[in-house]
Amino acid sequence: MTAETPRAQVSKGRFAGRRALVTGGSRGIAAAICRALAAEGASVAVNFSAQADSKIGKASAAEALVADLRAGGATAVAVEQDLMQPGGGASLAAKAHAALGGIDTLVLSASIQYHLPFLRQSIAEVEEQLRINILSNIEMLQACLPDMARDGYGRVLTVGSIQEVSPAAEMPIYSLTKAAMKNLVENLAVQAAGQGVLINNIAPGLVETDRNAFRRSDPAAWAALQAGANPVGRAGQPEDLTELALFLLSPGNGFTTGATIYATGGSHIPNAGGQNRPELVLPESEGLTAPPQAAER
């Protein structure tokens with residue numbers, strides 16, 4: 001536990017009695033959402049891939065997170081499932097359902113990306129991104145939506161990307177998959193709203209996670225990247241997205257569905273990035289800061 005990831009102390013919050021499955025929940029943005037859900041009273045199934053976490057030296061990330069959530073009073077369970085396997089999404093949904101007694105809150109965050117130009121990506125690499133980023137999500141939605149619809153309540157959130165609207169040449173297939181999921185969110189949101197199931201998407205920009213740790217090997221380059229990434233002038237932190245995620249997932253959200261909300265520091269706005277972006281021009285004189293007095297009638 002670090003100062004950046006404080007222990008989630010459970011309250012009788014807006015998610016009391018809710019049962020959440022968060023894919024890729026052991027690290028990054030998804031882990032922050034797990035903490036926030038648990039702190040607000042949800043029972044949380046933290047999905048992880050042992051192979052993926054081990055590759056970056058985070059083999060115990062899920063177990064450590066679940067232990068921390070439980071120490072704060074939450075009901076939490078780590079659910080291992082390799083979503084690369086055909087049927088992995090359906091298998092994960094079944095495991096989480098058995099562990100928590102049902103799923104009414106679903107966060108689809110797990111994804112992979114290859115930083116390679118289009119003509120240098122192998123079909124195997126393309127298939128892997130399609131499998132995890134799209135097909136496993138479809139499997140989980142097909143497994144979870146029927147119960148949500150029958151119960152008359154459900155909340156689904158996909159974690160997309162600014163790549164949906166501003167695709168990078170170094171991540172063409174990843175960008176494609178995120179745009180496809182945005183389209184599916186909009187399609188299903190229309191169909192499910194009448195059954196009390198609301199489905200939304202958040203699209204982060206540059207967020208500091210272990211996924212982009214390679215960019216921080218050169219501190220000067222990382223500082224320059226942050227400065228030019230968005231109008232705010234810094235990379236986001238996973239915790240910057242949690243309040244937005246909680247609102248969209250909460251019972252208190254009864255009207256917002258089919259939405260994509262960009263959490264990018266403003267970088268999704270055309271002409272917003274770069275060092276030459278415009279800044280707010282202040283009045284030349286302090287006397288101009290106050291509005292003129294209205295003339296008496």
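Tutor: A polar contact is a pair of N or O atoms within 3.5 Å, one able to donate a hydrogen and the other to accept it. The model discussed here is predicted.

Student: What makes the pairing of the side chains of Asn-201 and Thr-260 a polar contact?

Tutor: Their separation is 3.0 Å, and the cut-off is 3.5 Å, so the pair qualifies. The side chain of Asn-201 also makes a polar contact with the side chain of Thr-158, at 2.7 Å.

Student: Why is Asn-201 called buried?

Tutor: Its relative accessibility is 1%, and buried means under 20%, so the term applies. Asn-201 lies in strand E6, residues 197–204.

Student: How do you know that strand E5 is largely enclosed by the rest of the structure?

Tutor: Six of the six residues of E5, residues 154–159, are buried, so the conclusion follows. Gly-154, Val-156 and Thr-158 point one way, while Arg-155, Leu-157 and Val-159 point the other way.

Student: What makes E5 and E6 paired strands?

Tutor: Pairing needs at least two bridges; six join E5 to E6, so they pair. The two strands run parallel, and Arg-155 has Leu-198 as its bridge partner in E6. Between E5 and E6 the chain passes through helix H6, residues 172–192, in a right-handed β-α-β crossover.

Student: How do you know that the span of helix H1 agrees with the expected value?

Tutor: At 1.5 Å a residue, the 12 residues of H1 (residues 28–39) should span 16 Å, and the end C-alpha atoms are 17 Å apart, which agrees. Of those 12 residues, 10 are buried, including Ile-29, Cys-34 and Arg-35.

Technical notes
Residues are numbered from 1 along each chain as its sequence is written. This is a predicted model: local features need pLDDT of at least 70, side-chain atom pairs count only at pLDDT 80 or more; totals for chains, interfaces and linings use all residues. Side-chain values use heavy atoms; hydrogens and water are left out. Helices (H or I, at least four residues) and strands (E, at least two) are DSSP runs, numbered from the N terminus. Buried means under 20% relative accessible area, exposed over 50%, partly exposed in between (1.4 Å probe, protein chains only). The expected span of a helix is 1.5 Å times one less than its number of residues. A crossover is right-handed if, with the strands pointing away from the viewer, the path from the first strand over the helix to the second runs clockwise.
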